[in-house]
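Student: I am new to this structure. Please take me through one part of it closely, in short steps.

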Amino acid sequence: FGTGVTNVPNHNPFYLAHRIAQLDQMARGRLLWGIGSGGFIGDFRVAGIDPASGEHRDMTRKAIDLILALWADPQPGTYSHKRWEFIVPEPDDDIGLRVHVKPYQKPHPPIALAGISVNSDTLELAGEQGWIPMSINFAPSRVLKTHWESVSAGAAKTGRTPDRADWRIAREIFVADSTKEARKMALEGVLARDFEQYFHPLIGKGRGYGIVKQDPDMPDSEVTSAYMADNVWIVGSREEVTEKL
């Protein structure tokens, strides 16, 4: 059981620590915790965050450090940030006054962190902490290369040796009896619909089309469903899909 992603800047760390710990207890250790610093315009607007400032990435690092500390050895006191404040009370065993839920898994559930951009800061953090690195489904091979470089750079900071077998890469995959049939169905079906009606305008209003370009200098107008089918999605016959993977 895994959270698709917890957008950490949108949450008070105290409550988030308890919710995830409760999930882990209920799942009896079958929980994977996926986290991120956010990437969708609506989430940023709800939380009043300007993504251009980089504030969301700094908030994520600080919040996760706090959550891990609450799970490991919660110290009584007031914890303040310009976007959150909470009090860890002095323990009182008579009435259960304390940080009262800790994870079932020790020291905590496996943590996975997703990255999307070139030289991803979040994937560098994954490397630093020894967490599961994930590359989002939009990243072409040019960007994927920098993702592993980010993981490796982060791991070097803390003396870790990253294992490529831990790296998760998301991809849309469409298989049919022939490559011609697969491409036709992908471009006339749900893959193209979702890209054209949702992801394409979202990327354009957010990080920009550079995150999906094999060639950074290609015009934005060339980022079409056909381009995605040929360069980012894995579309084709069984043999071609196998080769692409």
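Tutor: Start with two rings. F14 is buried, and F86 is buried too; buried means under 20% relative accessible area, exposed over 50%, and partly exposed in between, with a 1.4 Å probe and protein chains only. A word on the source: this is a predicted model, where local features need pLDDT of at least 70, side-chain atom pairs count only at pLDDT 80 or more, and totals for chains, interfaces and linings use all residues. Residues are numbered from 1 along each chain as its sequence is written, and side-chain values use heavy atoms, with hydrogens and water left out.

Back to the rings. The structure holds eight aromatic pairs. Rings of Phe, Tyr and Trp (its six-membered ring) pair if their centres lie within 6.5 Å; planes under 30 degrees apart count as stacked, over 60 as edge-to-face and the rest as tilted. The ring centres of F14 and F86 are 5.4 Å apart and the planes stand at 40°, so this pair is tilted. It links distant parts of the chain: F14 sits in helix α1 and F86 in strand β4 (residues 84-88), 72 residues apart. Helices (H or I, at least four residues) and strands (E, at least two) are DSSP runs, numbered from the N terminus. Ring pairs also join F14, Y15, Y79 and F86 into a cluster.

Now follow α1 to its partner. Helix α1 (residues 13-26) packs against helix α3 (residues 55-72) at about 55°, with axes 9 Å apart. Axes are lines fitted to C-alpha atoms, for helices over the stretch in contact, and angles run from 0 to 180 degrees between N-to-C directions. That makes α1 oblique to α3; under 35 degrees counts as roughly parallel, over 145 as roughly antiparallel, 65 to 115 as roughly perpendicular, and the rest as oblique.

Which residues meet? From α1 come P13, F14, L16, A17, I20 and A21; from α3 come A63, L66, I67, L70 and W71. Contact means heavy atoms within 4.5 Å. By class, this contact has 11 nonpolar, no polar and no charged residues. Ala, Val, Leu, Ile, Met, Phe, Trp, Tyr, Cys and Pro count as nonpolar, Asp, Glu, Lys and Arg as charged, and the others, Gly among them, as polar.

End on L70, in helix α3. L70 is buried, with a relative accessible area of 2%. Leaving aside neighbours within four places in sequence, L70 contacts P13, F14, A17, F86, V88, V99 and K102. The C-alpha atoms of L70 and K102 are 8.3 Å apart, with their places 32 residues apart along the chain.
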